[in-house]
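Grab a coffee and open the viewer. Here are some exercises to work through with the model on screen, each with a solution you can check yourself against.

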There are 2 protein chains.
Amino acid sequence: MNVITDPSAMQRAADGARAEGKTIAFVPTMGALHDGHLTLIREAVGYGDTVVTSIFVNPTQFGQGEDFDRYPRDLDRDAPLAADAGCDILFVPSQSAMYPGGHATFVNVEGITEVLEGKSRPGHFRGVATIVAKLCNIVKPHVLLLGQKDGQQVAVLRRMLRDLQFDVRLVVVPTVREDDGLAMSSRNVYLTPEERAQAPVLCAALRMAEERIRGGESNAGVVREAMRGMITSKPLASIDYVSVAHGESLEELVRIAPGIPVMISLAVRFGTTRLIDNTTFTL
Amino acid sequence: MNVITDPSAMQRAADGARAEGKTIAFVPTMGALHDGHLTLIREAVGYGDTVVTSIFVNPTQFGQGEDFDRYPRDLDRDAPLAADAGCDILFVPSQSAMYPGGHATFVNVEGITEVLEGKSRPGHFRGVATIVAKLCNIVKPHVLLLGQKDGQQVAVLRRMLRDLQFDVRLVVVPTVREDDGLAMSSRNVYLTPEERAQAPVLCAALRMAEERIRGGESNAGVVREAMRGMITSKPLASIDYVSVAHGESLEELVRIAPGIPVMISLAVRFGTTRLIDNTTFTL
């Protein structure tokens, strides 16, 4: 595995791969690699001759008071994991290489960024869309792989790629979970043992909601209330939001009907740790 | 010359050229080609094996009440002019191909878009940055050629290309002028004969300002007032702005000093027609 830190060198490597007729598959990450990321990298091997993984903790997607400073960083641990999963090029740029002085350009996806995570984390998706646009211009991928775990991020980036006409194919990979259902996340390491024991309630609430809908419940409000009830039964859990929304517009649904894509999602705090999870389906 | 209307077909043509090791030089235009555009295309021949010119009247850079509807459109006239100048591929997408339903993503360059043209035309540079980002993702150029005529546009797009890390080299071509100094512009056709006769005052004011500065005048306010005086001597001219600004930050200067890049620029209305011009230099 080749480790590249300079964006221009990455562009030259991408040009070289493309000149040889190779397909580039790209997995952007913030490091602290877990089985979710590694699954994305393993999947990427099937989509590309050259698999590129980036590790960059992107400051513009963190709000004030969020965990940018304490976000886990451990390249010595991450690099061999990425290599073992099939990564050919690990792109690890510095903060100053990605945001040199005078950086003033941002990519905004309007509308769908203002709800759910965007409401709780103003500016978050502006930072996400901007960094992914930049990374696509540096890595020049044919295929971009994202995890379904960040459901709204998938919806926002799908829109961004389409609207800005990036010649990049998006592949979405299902969420990877611990045995008890907890979605893999770099933030899970923040949880105390007591919080960790209660955290699977996110996944349990999503499964319960989907089961009730598949069992005939069409009232979205009833489903939200049932999820809230299940989550608040855990004393350490504090709900940020519970959503039953249209899967593309991300607008809250009143009623679930056949043929309408649904995204059920939620954000729950355990102490200072904020966890998210989601499921998508169409009846 | 090949005419392409479909963005995906343009991407395939760009991939094909790149696969053959060809360099793509790109001139984005809104059509109504004049000698300024044709000079850009002729210059592009020196920078690329494949010269691509786009013609697209971009709605998102026009404000309400601006001239989007009446902006001159004449492909039958433009196409042979582009071909004669050396264009290999003329990319002429439809409105719906560039802005399909649900388009929600915009590229914002902050700060330098809020002064001068940006102040008079809110949203203009958001539209410009967005369409050029889209066109770069479609045409995949190695070199982008822009005219100095739109001086702030050059500054904004230079920042955008750098900030979003487009692997594109920017080449800026000097403004092409009529014999009497009037900068070539597609909007010159709107001028009545009387307005046309007075319009060279823009260029004359810029030349006078630069001469006074090179002659020792360092007070930017004095230079602005001298320009205002010269322009208001023309009865049909109505000043929108007169600026003596830093050439990169575009902030108004108090004093002109050696080593500081200067952009002198102005916007003047003749009836319903708004003309702009500028000159840049460093003492």
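What follows is a set of exercises on a predicted model, each with its solution.

**Exercise 1. Work out the strand order of the six-stranded open sheet in chain A, and say which strands stand at its edges.**

Solution.
- Step 1: Trace the sheet from one side to the other. In chain A the order reads E1-E4-E3-E2-E6-E7, and the pairing is parallel.
- Step 2: Look at the two ends. Strand E1 (2-4) and strand E7 (169-173) of chain A each have a single partner strand, so one side of each has no neighbour in the sheet.
- Step 3: Check the twist. On average, neighbouring strands here are turned by 25 degrees against each other, direction ignored.
- Step 4: Zoom in on one edge. E1(A) runs parallel to strand E4 (residues 89-91) of chain A, and three bridges join the two. In that pair, A:Asn2 sits opposite A:Ile89 of E4(A).

**Exercise 2. Which strands of this sheet does helix H3 of chain A lie across, and at what angle does it run to E3(A)?**

Solution.
- Step 1: Find H3, residues 75-85 of chain A, and see what is beneath the helix: E1, strand E3 (50-55) and E4 of chain A.
- Step 2: Compare directions. H3 runs at about 165 degrees to E3(A).

**Exercise 3. Take chain A apart into domains and describe how domain 1 touches domain 2.**

Solution.
- Step 1: Set the bounds. The domain assignment gives domain 1 as 2-173 and domain 2 as 186-277 in chain A.
- Step 2: Get the spacing. Taken over C-alpha atoms, the centres of domain 1 and domain 2 of chain A are separated by 26 Å.
- Step 3: Count the contact. Domain 1 of chain A puts in twelve residues, and domain 2 of chain A puts in twelve residues.
- Step 4: Find the elements on the domain 1 side. Helix H5 (117-120) and helix H7 (151-163) of chain A each supply at least two residues there. H7(A) has the largest share of that side, with three residues.
- Step 5: Sort by class. The side of domain 1 of chain A that touches domain 2 has seven nonpolar, four polar and one charged residues.

**Exercise 4. What turn and what shift lay chain B on chain A, and what relation is that?**

Solution.
- Step 1: Superpose. A turn of 180 degrees with a shift of 0.0 Å along the axis lays chain B on chain A, with an RMSD of 0.0 Å.
- Step 2: Name the relation. This is what a two-fold axis does.
- Step 3: Locate the axis. The C-alpha of B:Val107 is the one in chain B nearest to the axis, 2.3 Å from it.

**Exercise 5. Describe the contact between chain A and chain B, starting with how many residues each chain gives.**

Solution.
- Step 1: Count. Chain B gives 22 residues and chain A gives 22 residues.
- Step 2: List the elements on the chain B side. Helix H1 (7-19), strand E5 (105-109), helix H6 (124-139) and helix H7 (151-163) of chain B each give two or more residues. E5(B) gives the most, with five residues.
- Step 3: Sort by class. The side of chain B that touches chain A divides into ten nonpolar, seven polar and five charged residues.
- Step 4: Compare the two sides. The copies meet through the same surface, because 100% of the interface residues of chain B are also interface residues in chain A.
- Step 5: Look at the strands that cross over. Strand E5 (residues 105-109) of chain A and E5(B) run antiparallel, joined by five bridges. A:Val107 stands opposite B:Val107 in this pair.

**Exercise 6. Is A:Leu253 buried or exposed, and which residues is A:Leu253 in contact with?**

Solution.
- Step 1: Place the residue. A:Leu253 is in the loop between strand E8 (237-246) and strand E9 (261-270) of chain A.
- Step 2: Apply the cut-off. A residue is buried if 20 or more other C-beta atoms lie within 10 Å of its own. A:Leu253 has 22 C-beta neighbours inside 10 Å, so A:Leu253 counts as buried.
- Step 3: List the contacts. Leaving aside neighbours within four places in sequence, A:Leu253 touches A:Ala220, A:Val244, A:Ala245, A:His246 and A:Val262.

Conventions. Residues are numbered from 1 along each chain as its sequence is written. Chains are lettered from A and ligands numbered from 1 in the order in which they are written. This is a predicted model: local features need pLDDT of at least 70, side-chain atom pairs count only at pLDDT 80 or more; totals for chains, interfaces and linings use all residues. Two strands pair if DSSP finds at least two bridges between them. Helices (H or I, at least four residues) and strands (E, at least two) are DSSP runs, numbered from the N terminus. Axes are lines fitted to C-alpha atoms, for helices over the stretch in contact, and angles run from 0 to 180 degrees between N-to-C directions. Two residues are in contact if their C-beta atoms, placed from the backbone, lie within 7 Å. Copies are superposed by least squares on the C-alpha atoms of residues with pLDDT of at least 70 in both. Domain bounds come from an automatic or database domain assignment. Ala, Val, Leu, Ile, Met, Phe, Trp, Tyr, Cys and Pro count as nonpolar, Asp, Glu, Lys and Arg as charged, and the others, Gly among them, as polar. A residue is buried if 20 or more other C-beta atoms lie within 10 Å of its own, exposed if 12 or fewer, and partly exposed in between; C-beta atoms are placed from the backbone.
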